[in-house]
Amino acid sequence: MKTNIILSGVGGQGILTIAAVLDAAALSENLFIKQSEVHGMSQRGGAVQSHVRISDKEVYSDLIPEGKADLILSVEPMELLRYIPFLNKNGWLVTDSNPFINTTNYPEKQDLYEQIKKYPYHVIIDATDIAKKIGNSKVANMVLLGAASNIIPLSEDSLLNAIRSLFKHKSDKIVNLNLEAFFEGKKIAKEFTDLTVNK
Amino acid sequence: MKHLLLGNEAIAQGAIDAGLSGVYAYPGTPSTEITEYIQKSKLTKELNIHTTWSVNEKTAMEAALGMSYTGKRAMVVMKHVGLNVASDVFMNMSISGINGGLVVVVADDPSMHSSQNEQDSRFYGKFAMVPILEPSNQQEAYDIMHYAFDYSEELQLPVLLRIVTRLSHSRSGIDFKSRRLQNEMQLPSDTSRFALIPMNAKKQFEKLIHKKTILVEHSETSSFNELTLSEDKEIGIIACGIAYNYVMENISEDTSFYSILKISQYPLPKEKIKKLYKHCDKILVVEEGYPIVEELLHNYFDTNDKIKGKLTGDIPLTGELNPNIVGNSLGIFQNAAKSIPDIVSSRPPRLCEGCGHTDLFNTINELIPEIGNKNVFGDIGCYALGSLPPLNTINTLIDMGASITMAKGAADAGLENAIAVIGDSTFTHSGMTGLLDAVYENSPITVIISDNSAIAMTGAQESSAVGRLHKICLGIGVHPDHLKTMIPLKKNHQENVELLRTELKYKGLSVIISERPCVRLSRDRKEDIKSKIASLS
Ligand SMILES: Cc1ncc(C[n+]2csc(CCOP(=O)(O)OP(=O)(O)O)c2C)c(N)n1
Ligand code: SF4
């Protein structure tokens, strides 16, 4: 078993929290993991990504080869498309629908959705809105992780435990907020993914 | 259970577990997290490990050498261009040798993710004739630290640990070893080797030259340089450091077609290389950075068709390696990747919303129609983003401190209204000496120190300039009438423009300190800074 996941977004949007949950969950299942991330200049509002590789055998390269990603999970729709060269032919695209516009030539969001929908396996959800309804837009990343959880070969228990241990030093309330976000994402995506897969 | 660590954190933990007494460093991507990890580690307090940031890489390396002189183990950490700054002490401490183990960790940045160039630090190691270690993955990076310190003490030489961005900033599960005790203080039995007057230096240089043979012997037997010969003689691969991973990514399913020499310790093991060379019809050299090994091999064996790599065009000469590049060079079929949809536009980094640098640039931009649009000499830090649209304020960015000295040189040539823009930390790193040049000649330039009370670009570390800039400038000899302060806020815009206009008219040296904390500092940090400034004034 080897799973390659690209997480993408804009510097400051917090994709590393998603990475931290995946890392901890994979480690608790005694799997091998490599997870590369971006530090430095690009963190100032530039494009950032993280390559997460989980396997039951030793993982060599820190970078996912082109055409080998099983999932691109993005907190921003244009940033999702930036990593298309990495997607394998049966790979999944999961993204928040909300654009993060900090450039002058940002495309029309409908055009972005059109592009994403060209790939058979995609989930576009308003994770930010779902997160707000739960109580804090910051947990949008856990909504997305929940939405992608069916595609990720880690047990739900390990993911939930990872979320718990990541936030436990903050407060019970924050732990629960994140868990709720995860479940909400999972629920919504299930309808969505079933639909998409059946097409 | 394994510990999940960044490559940088693995190195830091490895150093602690190898009996470290002090880390000395100036921040710089991709090296910063090494020092930060030790600063945050619970063990640091318990073991009284020194971790405070140094003013620049040269002061850091000298302090590390001082600690080593006392017999304790020290580490100095920097990004690749930092080694240019520290190169004076680096070249000379290979002559003097060290006492307590001394490891120099340098992080290269191929592809220039956050740097001005992609220089390869292995050249410096070779230049100084010291051993170089180049771990291929995070676990090896951890393990190699124990060896590096032991080896440094055994040889009485500093050891260079060369890493690259991808190793630094990638996480993996790490097994720890047991921790070694720190060294007791023990001054060198003979200090004359540290006093490099010519008669001592000559002796020491002879010794260093003779060590070369021993170093090569060690490389031949090092477990970090593993040679595997296969029956199939078609391709032999020399894979250096992290390049080994990209090779294995492509061939780990079935390695039987390839002979491989993994290199993680230099100088190169010549015999092992000869063996591989004789065994195989073709040799592919895969290395991150410059083709330093490949070039040597062409020299060992004369240029011929057998050695392939960057110089022969099999691997690109610039930029970072990746599994696809390496797979291609091995002749392994790579799936044609889909291209990025045309609709995707670039998203370069930019100054944060509410950053004081932006208001400063707006002030300068207001005067550009009067003074010309090529007069602003910039420096390194977040404010370097002022060279991009929509601001387009800054014209130059070369190396830390060059804003002041380039402005001075241009003014010497007759350029009027030359402005230097420099951050507070860059100023204390390398700007102060240049400012003294400008004071000495009363050069007609205006230096603006954009003081945000932080080393913001690398993650808002504490700047040793905090609360000291005025006194430093006065101490260097800036005239008090031309040492001014401004607060870069929208509401002060007009006033700031007038201040700058007045100082530009003055045909001598002016310094304007533009003060506004970085928005990324927490409220607590801002309070700390306030009280620090109060206690210093
Ligand atoms: C010799 C050298 N060391 C370190 C760096 C990495 N570096 C680039 S910018 C910077 C911080 C600059 O801080 P400051 O001048 O205060 O500007 P700020 O980012 O806070 O605006 C550092 C450490 C470098 N480029 N060159
Ligand atoms: S980190 Fe601080 S100095 Fe850098 S752009 Fe943001 S506000 Fe400005």
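## Exercises: a loop residue, two cis bonds and two ligands

B:N48 lies in the loop between α3 (42-47) and α4 (57-69) of chain B (helices, H or I of at least four residues, and strands, E of at least two, are DSSP runs numbered from the N terminus). This is a predicted model: local features need pLDDT of at least 70, side-chain atom pairs pLDDT 80 or more, while totals for chains, interfaces and linings use all residues. Residues count from 1 along each chain as written, chains are lettered from A and ligands numbered from 1 in written order, and side-chain values use heavy atoms, without hydrogens and water.

**Exercise 1.** State what is notable about the phi of B:N48.

*Solution.* Step one: recall the background. Most residues other than glycine have a negative phi. Step two: read the angle. B:N48 has a positive phi of about 55°. Step three: check the residue type. B:N48 is not a glycine.

**Exercise 2.** Locate the cis peptide bonds that end at B:P267 and B:P390.

*Solution.* Start with B:P267. The bond joining B:Y266 to B:P267 is cis, with omega about 5°. B:P267 sits in the loop between β11 (265-266) and α12 (270-279) of chain B. Turn to B:P390. The bond from B:P389 to B:P390 is cis, and its omega is near 5°. The loop that holds B:P390 runs between β14 (376-377) and α16 (402-412) of chain B. For background, most peptide bonds are trans.

**Exercise 3.** Describe the shell of ligand 1 and where its residues come from.

*Solution.* Take the shell first. It has 26 residues (each with a heavy atom within 4 Å). Those that come nearest are B:E57, B:H357, B:D424, B:T426 and B:A456. Next, the helices. α5 (80-85) and α17 (424-440) of chain B each supply at least two shell residues. The largest share, four residues, comes from α17(B). Then the domains (bounds from an automatic or database assignment). Domain 1 (2-221) and domain 3 (356-536) of chain B both contribute, so ligand 1 lies between them.

**Exercise 4.** List polar contacts (N or O atom pairs within 3.5 Å) of ligand 1 that involve B:D424, B:C382 and B:M457.

*Solution.* Side chain first. A polar side-chain atom of B:D424 is 2.7 Å from a ligand 1 oxygen. Now the backbone. A polar backbone atom of B:C382 lies 2.9 Å from an oxygen of ligand 1. For B:M457, a backbone N or O atom is 2.9 Å from a ligand 1 oxygen. Finish with cover. The protein covers 97% of the 580 Å² of accessible area (Shrake-Rupley, 1.4 Å probe) that ligand 1 has on its own.

**Exercise 5.** Decide which chains surround ligand 2.

*Solution.* Chain A gives A:R44. Residues of chain B include B:C352, B:C355, B:C382 and B:C518. Residues from chains A and B surround ligand 2, so the site is shared between chains.

Technical notes. A polar contact is a pair of N or O atoms within 3.5 Å; within protein, one must be able to donate a hydrogen and the other to accept it, and residues adjacent in sequence count only if both atoms are side-chain atoms.
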